[in-house]
Amino acid sequence: MAEQSGLSERLQAIRAQVEENLQKIADSKSIYEYRKSVFDGKVGLIGSLMREMGKIPKEEKAEFGKRVNEIKNWAQEEFEKKNSVLKELEMKKRYEAEKIDITMPAKMRAHGNLHPVTQVTNQLIDIFAGLGFDIYEGTEIEKDYYNFTALNTPQDHPARDMQDTFYLSPEFLLRTQTSAGQIHVMEEKKPPIKIISPGKVFRSDDDATHSPMFTQMEGLVVDEGITLGDLKGMLDEIVQKIFGEGTTTRLRPSYFPFTEPSVEVDVSCFQCGGCGCSLCKGTGWIEILGAGVVNNKVLEGCGIDTEKYSGFAFGVGLERIAMLKYGYNNIKLLFESDLRVLSQIDD
Ligand code: DAH
């Protein structure tokens with residue numbers, strides 16, 4: 001029976017057209033779009049064929065349906081084949097593009113590190129926090145009263161000459177010592193007191209080991225029965241953590257107006273172990289901080305009962321610790337922001 005719908009020719013032509021177009025397609029995005037134009041139920045080249053069923057003579061309907069399904073299945077297979085070929089090609093291209101040459105030298109990324117003085121500050125904060133100390137942050141602009149008078153250093157006291165002070169006015173100054181924080185803490189809090197206070201201090205002083213601005217850390221412990229022995233015991237623990245096991249301290253008599261007795265604390269030389277070297281100038285000992293038993297006058301000035309309470313205090317220069325620990329021979333190296341110098345220290 002001759003076909004009225006000319007179906008064979010049409011299907012032949014569709015086949016040829018799909019084959020030709022699929023061959024031209026070179027990427028999976030285009031095949032996705034082309035798929036729609038072939039299979040769409042309304043406008044698709046093959047997808048829309050079924051809509052013609054109504055016009056097909058009754059006796060041809062079954063054959064028509066079968067042939068349309070055949071070409072649909074065929075086209076679907078062709079699309080699948082082409083799709084997997086394209087996918088594979090694209091994957092290959094991607095592998096090629098993303099190929100890593102593991103023999104290439106790595107790109108060195110510059111990375112920042114903390115300033116050596118910040119590193120020392122953080123290490124000390126960690127150590128003291130581990131011993132139960134709180135941190136008090138004072139202010140860099142301070143009243144003469146807190147920086148000197150309340151620390152048993154009234155006007156005209158000869159000890160004021162120990163520190164060349166930047167005055168902002170007769171009443172205000174740039175603090176010369178973090179010791180000023182001791183008074184604020186004792187005014188605000190009753191014993192037991194156990195604080196450290198790190199921060200910048202200022203003095204008109206400038207040479208290879210002194211800078212007009214430097215960093216100190218103050219320590220203050222006030223409680224019942226505190227003695228110089230407690231200070232010594234604590235310092236022996238701490239210097240081992242900073243300078244290494246086996247490091248010890250010795251106390252030498254000194255003078256500070258706010259402590260009585262006052263001491264200078266030396267550490268045994270961690271470079272030569274005490275036999276004498278250039279670092280300890282042949283003495284086996286290196287001076288690291290000032291300390292003492294808090295003068296009763298200072299405690300009383302803050303309203304603390306000296307019958308019941310006593311305390312010790314210490315003040316340490318952190319640039320000095322950084323210089324000793326990391327081997328800087330000039331404090332200026334810590335202020336010049338030369339990355340070749342600063343980046344060497346990453347503790
Ligand atoms: N404030 C002193 C200075 O800057 C250091 C110091 C010495 C602090 C003895 C203290 C101390 O707390 O008890 O030179």
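In the predicted model, the ligand is surrounded by 16 residues. The closest of these are Gln177, Ser179, Arg203, Gln216 and Glu218. By class, the shell comprises nine polar, five nonpolar and two charged residues.

Three of the closest residues also place polar side-chain atoms beside polar atoms of the ligand. For Arg203, a polar side-chain atom lies 2.6 Å from a ligand oxygen atom. For Gln216, the corresponding distance to an oxygen atom of the ligand is 2.8 Å. Ser179 is paired with a nitrogen atom instead: a polar atom of the Ser179 side chain lies 2.9 Å from a nitrogen atom of the ligand. On its own, the ligand has 360 Å² of accessible area, and the protein covers 91% of this area. The space that the ligand takes up is the largest pocket. Strand S5 (213-224), strand S8 (285-294) and strand S9 (309-317) are the elements that each give two or more residues to the shell around the ligand.

These three strands, S5, S8 and S9, belong to an open sheet of seven strands. The order across the sheet is S1-S4-S5-S9-S8-S7-S6, and the pairing is mixed. Strand S1 (134-135) and strand S6 (249-256) stand at the edges; each has a single partner strand, so one side of each is left without a neighbour in the sheet. In general, the strands of a sheet pair through backbone hydrogen bonds, in either a parallel or an antiparallel sense.

Two of the pairings may be described in detail. S8 and S9, both of which contribute to the ligand shell, pair in the antiparallel sense over five bridges. Within this pairing, Leu289 has Val316 of S9 as its bridge partner. S6 and strand S7 (residues 259-268) are likewise antiparallel, with seven bridges between them. In this case Phe256 is bridged to Thr259 of S7. S6 and S7 form a hairpin, with two residues between the strands.

The backbone also shows several departures from the usual geometry. Most peptide bonds are trans, and most residues other than glycine have a negative phi. A cis peptide bond nevertheless joins Pro191 and Pro192, with omega at about 5°. Pro192 is located in the loop between helix H6 (180-188) and strand S4 (193-202). A cis peptide bond also joins Glu260 and Pro261, where omega is about 0°. Pro261 is found within strand S7, the strand that forms the hairpin with S6. With regard to phi, Asn152 has a positive value of about 60°, although this residue is not a glycine. Asn152 is situated in the loop between helix H5 (144-147) and strand S3 (172-174).

How values were computed: Residues are numbered from 1 along each chain as its sequence is written. This is a predicted model: local features need pLDDT of at least 70, side-chain atom pairs count only at pLDDT 80 or more; totals for chains, interfaces and linings use all residues. Side-chain values use heavy atoms; hydrogens and water are left out. A residue is near a molecule or strand if one of its heavy atoms lies within 4 Å of it. A polar contact is a pair of N or O atoms within 3.5 Å; within protein, one must be able to donate a hydrogen and the other to accept it, and residues adjacent in sequence count only if both atoms are side-chain atoms. Accessible areas come from the Shrake-Rupley method with a 1.4 Å probe; for residues, only the protein chains shown count as cover. On a 1 Å grid over the protein atoms alone, a cavity is a set of points where a 1.4 Å probe fits but cannot get out, and a pocket is an open set with protein on both sides within 12 Å along at least five of seven lines; lining residues have an atom within 4 Å of a point. A molecule sits in a cavity or pocket if more than half of its atoms lie within 2 Å of its grid points. Helices (H or I, at least four residues) and strands (E, at least two) are DSSP runs, numbered from the N terminus. Ala, Val, Leu, Ile, Met, Phe, Trp, Tyr, Cys and Pro count as nonpolar, Asp, Glu, Lys and Arg as charged, and the others, Gly among them, as polar. Two strands pair if DSSP finds at least two bridges between them.
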